[in-house]
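Please look over the model below. This report goes through its core, its helices and its sheet.

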Amino acid sequence: MRTILALCLLASTALAQPAPKAAPTKAAPAGKTTVKWYGHAAFEVDLPSGKTILIDPWITNPSNPTGKDDVKSVKADLILVTHGHFDHVGDAVEIAKRTKAHLVATFDLGNALVGSMGFPKNQYGFDTGGNV
């Protein structure tokens, strides 16, 4: 649970930057954050800014009867993967390739997803930001 909270905090910080002008995206209603559960450990968090975070995106899990359709249409700006079990990594690679979402994961897990599972390399990396 601490890992999920830490990843959400990290992702919220990354998404706090003003977005460049682009086509409107689906936003949470009237300044509210909404959370959708896809079954098992898969969640979608829609932020008032219009950004979408997926957490452990195994969208096609057996608890989600519409998973095969959902995985083709789910939106994502960030994909958070808490650990490397198949039921948490799930559909992350497929979704990332379609949406261009960036990966938030531990260093070793991120490298494994890029090196072994085909997660797009340019959508993963650590950026410390700021000046030293």
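## Core, helices and sheet

Beyond its neighbours within four places in sequence, L103 is in contact with I79, V81, G110, L113, F119, Q123 and Y124. The model is predicted.

Several of these names return in the largest nonpolar core, which has 22 residues. I79, V81, I95, L103, L113 and F119 have the most contacts inside this core. Two elements, α4 and α5, give two or more residues to it. The most comes from α4, with 4 residues. A second, separate core has 7 residues, including V45, I53, I55 and L80. In soluble globular proteins, nonpolar side chains tend to be buried together.

The two helices can be set side by side.

| Helix | Buried residues | Arc of buried residues | Residue that follows, with phi |
|---|---|---|---|
| α4 (92-99) | A92, V93, I95, A96, T99 | 165° | K100, positive, near 65° |
| α5 (107-117) | L109, G110, L113, V114 | 130° | G118, positive, near 90° |

Take α4 to begin with. Its buried residues are A92, V93, I95, A96 and T99. They lie on the same side of the helix, because they cover an arc of only 165° around the axis. What do the buried residues of α4 pack against? Their partners are β3 (52-55), α2 (67-73), β4 (78-80), α3 (86-89) and α5 (107-117). After the helix comes K100, with a positive phi near 65°.

Now α5. Here L109, G110, L113 and V114 are buried. Seen down the axis, these residues fall within an arc of 130°, so they line one face of the helix. An α-helix has 3.6 residues a turn, so residues three or four places apart point the same way. Which exposed residues does the face of α5 turned away from its buried side carry? That face carries F107, D108, G115 and S116. The cover over the buried residues of α5 includes α3 and β5. G118 follows α5 and has a positive phi, near 90°.

The sheet comes last. It is open, has 5 strands and runs in the order β1-β2-β3-β4-β5, with mixed pairing. β1 (34-39) and β5 (102-104) are the edge strands, and each pairs on one side only. From one strand to the next, the twist averages 20°. Strands β2 (42-46) and β3 run antiparallel and are joined by 4 bridges. In β3, I53 stands opposite V45. Both V45 and I53 belong to the second core.

Methods:
Residues numbered from 1 in each chain as written. Predicted model: local features only at pLDDT ≥ 70, side-chain atom pairs only at ≥ 80, totals over all residues. Heavy atoms only, no water. Buried < 20%, exposed > 50% of the residue type's maximum accessible area, 1.4 Å probe, protein only. Arc of directions from axis to C-beta. Contact = heavy atoms within 4.5 Å. Pairing = 2+ DSSP bridges. Axes fitted to C-alpha atoms, helices over the stretch in contact; angles between N-to-C directions. Core = buried A, V, L, I, M, F, W, Y, C linked by side-chain atoms within 4.5 Å.
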